Amino acid sequence: MRRTFEDLVAEAEAAPVEGWDFSWLDGRAGEERPSWGYARLLAERMAGASAALDVQTGGGEVLAGLPVLAPVTVATESWPPNVPVAAARLRARGAALVADDDEPRLPFRSGVFDLVCSRHPVRTWWAEIARVLRPGGTYLSQKVGPRSVFELAEFFLGPLDGSARVPEAAGAEAEAAGLTVVDLRGERLRMEFHDVGAVVYFLRKVIWIVPGFTVERHRARLRDLHDRIESEGPFVAHSSRFLIEARRPE
């Protein structure tokens with residue numbers, strides 16, 4: 001039996017969105033993963049690190065999921081709902097969380113980390129990354145690329161400017177901060193949303209896709225989307241990701 005629009009929306013609106021675990025969407029939405037395997041690459045770099053920093057760790061899921069952490073591992077997070085989630089998860093792995101406001105300066109001395117990482121940071125403060133890295137240290141990050149999930153964002157907001165988050169611009173900023181870019185590549189990846197509840201949950205959690213999203217404010221377009229999925233099948237969008245690895249010269 002097909003569930004009603006009201007039931008799907010109410011269920012998604014009541015679901016908790018703390019942390020960065022998307023398992024609530026299992027069977028209701030899906031997204032291809034980048035071919036480079038960020039978690040695998042990070043695990044390789046982490047295994048050889050003595051001091052590591054994960055910037056904007058979210059709920060700490062990626063960091064806590066690594067098989068081995070550096071002897072000294074710390075993370076930062078600024079979004080209040082994520083802080084207690086990440087703190088508890090990382091404490092269990094012997095890592096520390098620092099709650100900060102995600103603005104320069106990073107709350108660490110210069111030249112203390114041989115690995116700095118970040119998955120999907122909202123913004124990258126390149127000069128600060130370069131400052132806290134030791135000579136020869138590595139920055140590894142998977143970032144959101146240009147026009148990511150724009151099909152969904154534009155369904156609610158209309159045409160948007162897609163010129164931001166260009167990989168080449170990130171590479172230029174890294175070089176300008178004194179780092180040497182050793183890897184830079186990007187991919188577009190298919191996403192499917194199988195019901196309107198999945199969309200509601202996703203937009204509540206990934207708050208920058210449709211800024212200020214609420215069910216009440218966007219109910220009419222949500223109803224249109226529900227009707228479209230019911231008649232045409234899954235709503236298809238494409239995420240955009242790029243990998244950048246940079247090193248501080250010796």
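Trainee: The charged end of which residue sits over the ring of Phe155?

Mentor: This is a predicted model, where local features need pLDDT of at least 70, side-chain atom pairs count only at pLDDT 80 or more, and totals for chains, interfaces and linings use all residues. Residues are numbered from 1 along each chain as its sequence is written, and side-chain values use heavy atoms, leaving out hydrogens and water. A charge sits over a ring if NZ of Lys or CZ of Arg is within 6 Å of the ring centre and within 35 degrees of the ring normal. Over the ring of Phe155, 3.8 Å from its centre, sits the charged end of Arg221.

Trainee: Which residue lies over the face of Phe22?

Mentor: Apply the charge-over-ring test to Phe22. At 5.3 Å from the centre of this ring lies Lys205.

Trainee: How are the rings of Trp24 and Tyr201 paired?

Mentor: Rings of Phe, Tyr and Trp (its six-membered ring) pair if their centres lie within 6.5 Å; planes under 30 degrees apart are stacked, over 60 edge-to-face, the rest tilted. The whole structure holds nine aromatic pairs. In this one the centres are 4.6 Å apart and the planes lie at 20 degrees, so the Trp24–Tyr201 pair is stacked.

Trainee: How many residues apart in sequence are the parts that Trp24 and Tyr201 tie together?

Mentor: Helices (H or I, at least four residues) and strands (E, at least two) are DSSP runs, numbered from the N terminus. Trp24 is in the loop between helix H1 (5-14) and strand E1 (29-31), and Tyr201 is in helix H8 (residues 196-205). The pair therefore ties together parts whose separation in sequence, in residues, is 177.

Trainee: Is Tyr201 buried or exposed?

Mentor: Buried means under 20% relative accessible area, exposed over 50%, and partly exposed in between (1.4 Å probe, protein chains only). Its partner Trp24, at 23%, is partly exposed. Tyr201 has a relative accessibility of 2%, so it counts as buried.

Trainee: What kind of pair do Phe155 and Phe156 make?

Mentor: Phe155 is buried at 12% relative accessibility, and Phe156 is buried at 11%. Both belong to one aromatic cluster with Phe213 and Phe235. Their ring centres are 5.5 Å apart and their planes stand at 75 degrees, so the pair is edge-to-face.

Trainee: Which element gives the largest share of the largest nonpolar core?

Mentor: A nonpolar core is a set of buried Ala, Val, Leu, Ile, Met, Phe, Trp, Tyr and Cys residues joined through side-chain atoms within 4.5 Å. This one has 32 residues, and Leu152, Phe156, Phe202, Leu203 and Leu222 touch the most other members. H1, helix H6 (150-157), strand E7 (180-193), H8, helix H9 (219-232) and strand E8 (235-247) each give two or more residues. The largest share, seven residues, comes from H8.

Trainee: Which element gives the largest share of the lining of the second largest pocket?

Mentor: On a 1 Å grid over the protein atoms alone, a cavity is a set of points where a 1.4 Å probe fits but cannot get out, and a pocket is an open set with protein on both sides within 12 Å along at least five of seven lines; lining residues have an atom within 4 Å of a point. The second largest pocket holds about 270 Å³, and of its 14 lining residues Thr124, Trp126, Arg165, Ala170 and Glu173 are the closest to its centre. Strand E6 (133-144) and helix H7 (167-176) are the elements that give two or more residues. The largest share, three residues, comes from H7.

Trainee: What is the volume of the largest cavity?

Mentor: Grid points are joined across faces, edges and corners, and a volume is the space filled by probe spheres set on the points. The search finds two cavities of 30 Å³ or more. Residues lining the largest cavity include Asp102, Arg123, Trp125 and Tyr139. Its volume is about 70 Å³.

Trainee: What is the phi of Arg165?

Mentor: Most residues other than glycine have a negative phi. Arg165 is in the loop between H6 and H7, and lines the second largest cavity along with His120. His120 has a positive phi of about 60 degrees. Arg165, also not a glycine, has a positive phi of about 65 degrees.

Trainee: Which residues does a cis peptide bond join?

Mentor: Most peptide bonds are trans. Look in the loop between strand E4 (96-99) and strand E5 (113-119), where Arg105 lies. With omega about 0 degrees, the cis bond joins Pro104 and Arg105.
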